[in-house]
Amino acid sequence: MSERFQVELSGMVDLLSRHLYSGPQVYLRELIQNAVDAVTARCETDPGAAARVRLSVEEAPGAPPVLRIADTGIGLTAAEATELLATIGRSSKRDAALGTGREAFIGQFGIGMLASFMVADRIVVRSRSCVPGAAAIRWAGSADGTFEVSELPEDDPEAGRVEVGTTVELVARPDAAHWFATETVLGLAREYASLLPVDIAVRVPDDRTTRGGGTTDPARWRRVTEPDLPWRADFASPAERERALAAYCEEVLGFTPLASIDLSLPLAGVSGVAFVLPQAVAPGSGQHRVYMKRMLLGSRVDGVLPEWAFFARAILDSEALSPTASREQVHDDEVLLGVREALGEQLKTWAMRELRAPTALARRVLETHHLALRALAVTDPEMLELVAEVLPFETSDGAMTLREAGSGDDDGAGEIVYTATTEAYRRVAAVARAQGMVVVNAGYVYDAELMERLGRRPGWRVRELASADLAHVLATPSLAREDELRSAVARARALLTAEDCDAVVRDFAPESVPAILLRDPEGEHRRALERERAAAPELWADLLGAFAEPEPARSRSLVLNDRSALVRRLLAAPAGPVFDAGLRAVYLSALMLAGEGLRATESNALSEALGVLLGSALAAPDPRGGAERRSGGVPTTDDTPDPLEEGRP
Ligand SMILES: Nc1ncnc2c1ncn2[C@@H]1O[C@H](COP(=O)(O)OP(=O)(O)OP(=O)(O)O)[C@@H](O)[C@H]1O
């Protein structure tokens, strides 16, 4: 003989409250949802029937608060109450034989009623079915798993008060009384139900006074539902609609949007608005407010917009998406995938249209959300083209778009050359600038990938800056000159040992840059140099060798510019404190030029070096007395031949 499963109700409730729902507050959502479903069912058979839900709290001193939620819905007969209210997993909304089709209803799992046991030990339902002549019934269920149901005789005064529809009554458990406070019920009802297409109101105490004082507030019922979806409502003009949507966003999401983007997928029953955030946010923090058949599903739902859309927050209503059993998240299924892709397309269409125009809005959005646009451009060729057209990049020739950077110069090169890190960019920017060479800093997140992808698109020529680009810039001095400088370079190298920095002399424009610092933090640069050295022409191999050879290898190289008057004077100076101070000052300014801040000790070292140089300059004879070559500030001694005159043509 087969037997029926037994269900331990308290165990089920514990399971729901601890593992399914985010908290006991969902009890109210489940009750409102049942009431609205009942109203929907009734209106399907009787379109003229009242469509109302009323919530009220009765608070009496010394007694636990009682919440009543009354609807003008389809009602229940005693048999239905027995079957539906007390059978876990039984739902009239899934089963066409028990009610109308399921699409119209929010509920489907047959577990919603149990949520009430998270806040109450006893639930009493009074109902009268809309079936003509149906008797009033009373169903009472307890948390211990028992229930009783009875038809009320018509001459019972209680039966006289039961109209068609259902009233659910909960007496708060002592530890859950705060969930029944009128303000809490009002707040929760607003949060969950404001978009439902049914007149839902909460009774608020009627003894409050108006601002004028003294008079009784006549509004006993506070309506929580809007007449229409905010993005569907009629407005006198587009500008007025935009203002109203911005105000709605402020109220619900708490920020003033830069723009609002309409979202609509009629076939999937999805509609809503995406609001563009006024500040940049980190990727991956996309959180959207999603309604399911106009009932709030969750205010932090992920996955309804593509990940790259982290610059926007959406408020959406959907009929097609499936809720999880907690009804707080969207089921991650094919439908969600399709909706996400289609909504992503709509955001993209908006971006393509709005961001190309030279408007203040476009500028604001680009400034604020360039990172999100870069993220999108990595995956989407059309957005890549848009980013290349409209997004300003840092280049050695000032901020410009990639289209401008690749538009070619007089020789019609038309090629975009970039560095994949900001450090690499800082090292070469000044030198590139002096050569009239445009180097793009692609050191921001996504940029290097963007460059690679852009390079693969027809009509674009893009490549990473190679050492060879600098080869013709950083020329090796002549052998004679190298010989001449040998001891000065050795002194410089010795002095910079403590800084983990090497020193070499090269000849490059601009002469206003005394030195640049080449840095190799991860050894990457060194490896690249080694690779290239093997294949490089002699001259370049020699230069690279200067960076790669020192043992143990140092992580940075100070490339002194032999074209700079200052450096030439410095290299000509005899060993001594002035040379040391001059070299240190040149090294520290190169450090700053490479975008690195000075540490406290380096800053002190700079002050000391300048002090030595100043002291020496003040002690030197007046340069106007004919010693013109000392005007650089670093004196040479008279008995030292000045290589300036001899080493250069
Ligand atoms: N206010 C009401 N009026 C009429 N019938 C109701 C009412 N509340 C509940 N019911 C009946 O009780 C059944 C069980 O309700 P319950 O809330 O447990 O599940 P559900 O709403 O069907 O599904 P879900 O678990 O998804 O909420 C419903 O399917 C419905 O038939």
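In the predicted model described here, Arg128 finds its bridge partner in strand E4 at Ala136. This pair belongs to a wider arrangement, since E3 (120–128) and E4 (136–142) are among the strands that cover helix H3, and E3 and E4 run antiparallel, joined by seven bridges. E3 also pairs with strand E6 (residues 165–172), again antiparallel and again through seven bridges. In that second pairing, Arg126 sits opposite Thr167 of E6.

Helix H3 offers a convenient way from these strands to the ligand. Three residues of H3 are buried, namely Glu80, Ala81 and Leu85. They span an arc of only 100° around the axis, and therefore lie on the same side of H3. This agrees with a simple rule of helix geometry: an α-helix has 3.6 residues a turn, so residues three or four places apart point the same way. The cover over the buried residues of H3 includes E3, E4 and strand E5 (147–151).

H3 (78–85) is also one of the elements around the ligand: like helix H2 (26–45), H3 supplies at least two residues of the shell. The largest share, five residues, comes from H2. The shell holds 22 residues, of which Ala38, Ser91, Ser92, Gly107 and Gly112 come nearest to the ligand. By residue class, the shell divides into nine nonpolar, 10 polar and three charged residues.

Further along the chain, five strands form an open sheet with mixed pairing, in the order E9-E10-E13-E11-E12. Strand E9 (259–265) and strand E12 (295–301) are the edge strands; each has a single partner strand, so one side of each has no neighbour in the sheet. On average, neighbouring strands of this sheet are turned by 15° against each other, with direction ignored. Within the sheet, strand E11 (residues 288–292) and strand E13 (residues 312–318) are paired in the parallel sense over four bridges, and Met292 stands opposite Ser318 of E13. Helix H6 (residues 238–253) lies across E9, strand E10 (270–276), E11 and E13, and runs at about 90° to E9.

An open sheet of three strands has parallel pairing throughout its order, E15-E14-E16. Here the edges are taken by strand E15 (439–441) and strand E16 (462–464), each with a single partner strand, so one side of each is left free of a neighbour in the sheet. The twist from one strand to the next averages 35°. Strand E14 (residues 416–419) and E15 run parallel and are joined by three bridges, with Tyr418 opposite Val440 of E15. Helix H11 (residues 422–434) lies across E14 and E15, at about 150° to E15.

Strand E19 (residues 556–561) gives a clear case of burial. Six of its six residues are buried, so E19 is largely enclosed by the rest of the structure. In a regular strand the side chains alternate between the two faces of the sheet. In E19, both faces are covered: Arg556, Leu558 and Leu560 are buried on one side, and Ser557, Val559 and Asn561 are buried on the other. Strand E17 (residues 501–506) runs parallel to E19 and is joined to E19 by six bridges. Within this pairing, Arg506 stands opposite Asn561 of E19, one of the buried residues just named.

Gly615, in helix H19 (residues 600–619), gives another kind of environment. This glycine has 13 C-beta neighbours inside 10 Å and therefore counts as partly exposed. From C-alpha to C-alpha, Gly615 and Gly145 are 95 Å apart in space, with a separation of 470 residues in sequence.

Some totals place these details in the setting of the protein chain. Its secondary structure comes to 20 helices and 19 strands. Of its 649 residues, 36% count as buried. Among contacts in the protein chain with a separation of 6 or more, 65% join residues 24 or more positions apart.

Notes
Residues numbered from 1 in each chain as written. Predicted model: local features only at pLDDT ≥ 70, side-chain atom pairs only at ≥ 80, totals over all residues. Buried ≥ 20, exposed ≤ 12 C-beta atoms within 10 Å, placed from the backbone. Pairing = 2+ DSSP bridges. Near = placed C-beta within 6 Å. Nonpolar A, V, L, I, M, F, W, Y, C, P; charged D, E, K, R; others polar. Axes fitted to C-alpha atoms, helices over the stretch in contact; angles between N-to-C directions. Contact = placed C-beta atoms within 7 Å. Arc of directions from axis to C-beta.
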